[in-house]
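Me: Could you take me on a close tour of the site where the ligand sits? I would like one connected account of the surroundings, from the pocket down to the individual contacts.

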Amino acid sequence: MTNETNPSPISIAIFGADGDLTWRKLTPALYNLFLDGFLPKQFAILGVDGKPSTLEDWRERLRSGVDQFSRRGKSVDAQWQDFASHLTTYLSGDFNDAATFAALSESISGQEKAWGQSSERVFYLATPPVIMETIAKNLGQAHLMDDRQRSRLVVEKPFGHDLKSACTLNDSLLQTLDESQLYRIDHYLGKETVQNILAFRFANALFEPIWDRRYIDHVQITVAEQVGVEHRGGYYEKSGALRDMIQNHLLQILSLIAMEPPAAFNADEIRNRKVDVLRAIRPIPVDDLHHFAARGQYGPGWLEGERAPGYRSEADVAPDSATETFAALKLFVDNWRWQDVPFYLRTGKRLSQKVSQAVIQFRPVPHQSFPASASLDWQPNRLEIDIQPDEGIALRFQAKQPGVTLRLSPQEMHFRYAEAFHTDPPEAYETLLLDAMCGDATLFMRADQVESAWKVVAPVLDAWNSVTPSDFPNYASGSWGPESAEMLIAQDGRRWFQPIFPGAPASEHA
Ligand code: BG6
């Protein structure tokens, strides 16, 4: 989201340098930023990991990640060699040991000396959450975070396991760091289309006057995945869909859709407006939970012609697991703009399609002046914001069908990123890494946002935790989730929408 393109010299130290995230996401993102000219001439990437390796082996491993996961495809030799010369250090060391941090400090200072000037310092924790506090403390003790303006710590999700642990983690990190140095990642905020919600709402005069309870009937946010838990059974067993997706990604999308216009486009102002939304979310009544929340777990099924196993047969998953792989919520935002407008949220793994979208369903026209015969297929206006995979926006409206008789039919206006801009949007991690380097925290979560989001889901987590579901698995792989999620919305006389295929207009599914 930053306007800056050329930050001053930069040192990026990645903890968990040999791990999956660095391999799959961070290095391809840094490589693409490099190729696109967003990195300064003087930058160094330092790896820190418990695993012994040599600098050469580390570079080779990172290259294989770039070859597999970069949006540009396989790396070109000369370009890679140029980039690899900035992968300057691989430190194999214990994150509990002060010596690791002393060595890191020495490497960074040595590099800065060679450059003849100090650098911006970004420390990226691509590590399991249990070690985060220790690393932050050790960075502090090694005086690596002393410069509050130019030293930043990027923290991956999950940020805490529940409200209590998130508050404890915040307290502990803030003993070493200033809030302005902390960059808590929610990678959904780096997605092009998620950022575009702000542009769409606040750079256009057209929609804002009708963006409220008078004109909007309800909002749906769907993040559907086809993948199962893959190799992350161990993590997912302790997490589940509500923690893994709704507490962060879906609530962030909701905040962007529901926030008030910011007075200025800066990190604090935007984050203030977003946290106002989270704070205004009506507490979910636990004594009436089934009207507000639904959970599910995938069983075996078929996905795109292939047999898919049930969650309980996945690696590192208990054969009687009660972890939810699907969650749906109905939320209300208690303020003047949104009073009594339901926000339906759902997410799940092993669903029929990979699709993330927000749908704004407008109210019907107040008076139907056309004869009934003209409007057999009458549908109120609907705005669909497609976050992935086919990024774009579609607006449904009524049009007269050509002909001598008066017949109306619903039509769509489409905006597709790929068609409009003829360019691949950057990966979320490219945007977020560049922002962290430039010190723009707009797209990162502040302590109060994380805690407010945990408060929203806390009653459901507690209630689900206290009652073991008797019907798991309750949806087949390749379906659209459990019956209870259909009931959650059907009880209000509404239905879930999703595109029939990516690029197609939203439609109800039977
Ligand atoms: C992560 C979750 O935050 O987001 C994963 O931990 C999930 O379980 C992933 O698969 C989805 O991200 P994306 O960008 O593929 O929609």
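Reply: Happy to. The ligand occupies the largest pocket of what is a predicted model. That pocket has a volume of about 1,800 Å³, and its lining is made up of 50 residues. Lying nearest the centre are L21, R24, K25, H187 and R232. Helix α1 (20-35) contributes the most to the lining of this pocket, namely seven residues. The other elements that supply two or more lining residues are α7 (192-202), α8 (233-237), α9, the strand β15 (382-388) and α12 (428-438). Sorted by class, the lining holds 19 charged, 18 nonpolar and 13 polar residues.

Now let us step in to the ligand itself. The residues around the ligand are K157, H187, Y188, K191, E225, R232, D244, M245, H249, K349, K354 and Q388; to be counted here, a residue needs a heavy atom within 4 Å of the ligand. Seven residues of this shell are charged, three are polar and two are nonpolar. Helix α9 (residues 241-258) provides the largest share of the shell, with three residues.

Three side chains deserve a closer look. In K191, a side-chain N or O atom is 2.6 Å from an oxygen atom of the ligand. For H187, the corresponding distance from a side-chain N or O atom to a ligand oxygen is 2.8 Å, and a polar side-chain atom of R232 is placed 2.9 Å from an oxygen atom of the ligand. With its surroundings in place, the ligand has 82% of its accessible area covered by the protein, out of the 400 Å² that it has on its own. H187 and R232 also belong to the residues nearest the pocket centre, so you will come across them again if you start from the pocket rather than from the ligand.The backbone has some details to check here too. K157, one of the residues around the ligand, is joined to P158 by a cis peptide bond, with omega near 0°. P158 is located in the loop between β5 (151-155) and α6 (163-176). Q388, also among the residues around the ligand, has a cis peptide bond to P389, where omega is about 5°. P389 is part of the loop between β15 and β16 (392-400). Lastly, E230 is a residue other than glycine with a positive phi, near 50°, and E230 is found in the loop between β7 (216-224) and α8.

Notes. Residues numbered from 1 in each chain as written. Predicted model: local features only at pLDDT ≥ 70, side-chain atom pairs only at ≥ 80, totals over all residues. Heavy atoms only, no water. Polar contact = N/O pair within 3.5 Å; in protein donor to acceptor, adjacent residues only side chain to side chain. Areas by Shrake-Rupley, 256 points an atom, 1.4 Å probe, with all protein chains shown as cover. 1 Å grid on protein atoms, 1.4 Å probe; cavity = no way out; pocket = protein on both sides within 12 Å on 5 of 7 lines; lining within 4 Å. Sits in = over half its atoms within 2 Å of the grid points. Helix = DSSP H or I, 4+ residues; strand = E, 2+ residues; numbered from the N terminus. Nonpolar A, V, L, I, M, F, W, Y, C, P; charged D, E, K, R; others polar. Points joined across faces, edges and corners; volume = space filled by probe spheres on them.
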